[in-house]
Amino acid sequence: MTKIGTASGRKRGRPAKIPTATSRTLQFDYPAATAPVAPVIVSNHLAPAKTTAVYDSYWRFAAERQRVFYRRALGSPWPWTENPVMAVYKFTNAYRASDRVSQYLIRNVIYRDDLPDAIDEVVFRILLFKLFNKIDTWERLEKTLGPISFADYRFDQYDAVLTRAMALGHRVYSAAYIMPPGGSAFGYKAKHQNHLKLLEMMMAQALPEKLASARTMQKGFELLRAYPTIGDFLAYQFVTDVNYSEVTNFSEMDFVIPGPGARDGLRKCFADTGGLSDAELIRLMVDRQEQECARLGLEFPSLWGRPLQLIDCQNLFCEVDKYARVAHPEAAGLTGRTRIKQKFVAQARPIQFWYPPKWGINDRIAAGAVPNEAFEVSRPGTNAPESA
């Protein structure tokens with residue numbers, strides 16, 4: 001595996017371990033919220049970690065976004081929130097697996113009774129889908145080539161479908177993240193050709209079997225991170241997606257890699273990190289989710305009993321970074337971005353929510369169970385986050 005140093009001297013691909021939560025002597029003070037207020041002290045690690053006003057918005061945003069999720073799932077009519085920022089702009093769900101593309105991946109790519117469930121077949125489908133991360137691209141391939149399988153994969157056939165789609169003006173990649181072109185690694189002119197060759201390399205080197213044998217999520221991350229064009233962010237996203245399947249069974253609480261957007265959100269939420277790394281701060285959020293919601297008087301409706309995991313709190317920092325550009329324009333991040341690009345547009349295709357069976361929540365969904373908090377605060381405006 002290529003080892004690349006970071007600014008801190010730590011080898012990339014071997015991020016710092018995230019300590020398991022331990023009882024801390026926390027310096028808390030929960031006065032009634034009046035402006036201006038002293039920063040909340042959330043950790044006394046090396047020095048007190050001090051928060052900003054965006055920190056409280058993080059929790060209010062998370063709770064309101066999850067209530068919006070349930071309002072839509074319960075069939076409530078639009079608008080699902082009275083928060084003017086959340087009503088206008090597009091934000092992902094509080095839980096990553098609830099997003100439309102993740103739901104499609106879980107239900108229509110991974111857990112398909114009509115497709116083979118061998119390890120190499122499942123990983124092939126997941127990585128093929130994630131390289132483009134676009135439902136239309138998957139369905140275009142399947143409509144033209146039939147059921148997607150590694151056994152029937154042919155480069156020229158996949159290349160022809162994607163090349164034709166682009167010639168007709170269709171986008172084959174999602175705008176959610178940017179895939180590096182890969183030309184220097186594989187030598188093809190078209191980006192999608194290089195990514196198909198990347199997938200071939202992964203399969204030829206038995207990546208599926210190696211992932212299945214990995215004992216930790218970090219090891220799985222390192223296996224993916226070793227390939228050309230796969231950086232820290234993509235490797236973490238891909239290993240999380242593989243872990244939705246039965247190929248691996250890592251805990252989502254073992255490991256986290258903050259992405260660029262999350263780092264921006266962290267800078268806006270913490271005036272002083274108190275010596276904690278970005279990964280440790282994300283772990284702190286996971287560990288304190290109940291306490292912080294209680295402090296702010298928020299009823300947070302969990303995902304049918306599943307609390308926020310590291311990947312969810314990491315994603316929430318990305319979303320709060322965007323939210324703060326409008327709600328807290330005075331808060332400075334690392335990138336200097338000041339606008340939210342994408343506005344909310346309702347999708348016509350409804351989602352029947354379904355999650356990896358090993359999470360044990362699908363029976364509750366099928367039974368129509370909804371967390372009490374979702375019922376009690378189902379009306380827009382209840383506990384809505386403050387906005388600009």
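This passage describes the fold, two helices, the aromatic contacts and the unusual backbone positions of one chain. The structure is a predicted model, in which local features require pLDDT of at least 70 and side-chain atom pairs count only at pLDDT 80 or more, whereas totals for chains, interfaces and linings use all residues. Residues are numbered from 1 along each chain as its sequence is written, and side-chain values use heavy atoms, with hydrogens and water left out.

The chain contains 17 helices and five strands; helices (H or I, at least four residues) and strands (E, at least two) are DSSP runs, numbered from the N terminus. Of its 388 residues, 51% are buried, where buried means under 20% relative accessible area, exposed over 50%, and partly exposed in between (1.4 Å probe, protein chains only). The exposed surface of the chain amounts to about 18,100 Å², of which carbon and sulfur atoms supply 51%; accessible areas come from the Shrake-Rupley method with a 1.4 Å probe, and for residues only the protein chains shown count as cover. Among contacts in the chain with a separation of 6 or more, 73% involve residues 24 or more positions apart, a contact being heavy atoms within 4.5 Å.

A search of the whole structure for disulfides (pairs of cysteine sulfur atoms within 2.5 Å) returned zero. Cysteine 269 counts as buried because its relative accessibility is 0%, and cysteine 318 also counts as buried, at 17%.

Helix α8 (residues 191–204) has 14 residues and reaches 20 Å from its first C-alpha to its last, close to the 20 Å expected at 1.5 Å a residue. The expected span of a helix is 1.5 Å times one less than its number of residues. Buried positions of α8 include His192, His195, Leu196, Leu199 and Met203. The buried residues of this helix pack against α4 (119–132), α6 (155–167), α7 (183–186), α9 (207–213) and α10 (217–225). Just after α8, alanine 206 adopts a positive phi of about 60°.

Helix α4, one of the packing partners of α8, also has 14 residues, and its end C-alpha atoms are 21 Å apart, in agreement with the 20 Å that it should span at 1.5 Å a residue. Twelve of the 14 residues of α4 are buried, so that the helix is mostly covered. The buried set includes the charged residues Glu121, Arg125 and Lys130 alongside Phe124, Phe129 and Phe132. Asparagine 133, which follows α4, has a positive phi near 55°.Aromatic contacts were then examined. The whole structure holds 26 aromatic pairs; rings of Phe, Tyr and Trp (its six-membered ring) pair if their centres lie within 6.5 Å, and planes under 30 degrees apart count as stacked, over 60 as edge-to-face and the rest as tilted. Tyrosine 55 and phenylalanine 270 form an edge-to-face pair, at 5.6 Å centre to centre and with 65° between the planes. Tyrosine 55 belongs to helix α1 (residues 53–73) and phenylalanine 270 to strand β5 (residues 270–272), so the pair ties together parts that are 215 residues apart in sequence. Tyrosine 55 counts as buried at 1% relative accessibility, and phenylalanine 270 is buried with a relative accessible area of 3%. Phenylalanine 124 and tyrosine 153 likewise form an edge-to-face pair, with 5.6 Å between centres and 65° between planes. Phenylalanine 124 lies in α4 and tyrosine 153 in the loop between α5 (135–145) and α6, so this pair ties together parts that are 29 residues apart in sequence. Relative accessibility is 1% for phenylalanine 124, which counts as buried, and 9% for tyrosine 153, which counts as buried. Ring pairs also link Phe69, Tyr70, Tyr244, Trp304, Phe353, Tyr355 and Trp359 into a cluster.

Two lysines of α8 were found over aromatic rings, a charge being placed over a ring if NZ of Lys or CZ of Arg is within 6 Å of the ring centre and within 35 degrees of the ring normal. Lysine 191 lies over the face of tyrosine 173, at 4.7 Å from the ring centre. The charged end of lysine 197 sits over the ring of phenylalanine 155, 4.4 Å from its centre.

Several backbone positions complete the description. Most residues other than glycine have a negative phi, and most peptide bonds are trans. Tryptophan 78 and proline 79 are joined by a cis peptide bond with omega of about 5°; proline 79 is found in the loop between α1 and α2 (84–88). Threonine 229 has a positive phi, near 75°, and is found in the loop between α10 and α11 (232–242). Tryptophan 304, a member of the ring cluster, has a positive phi near 50° and is placed in the loop between α14 (289–295) and α15 (310–327). Tryptophan 304 is buried, with a relative accessible area of 7%.
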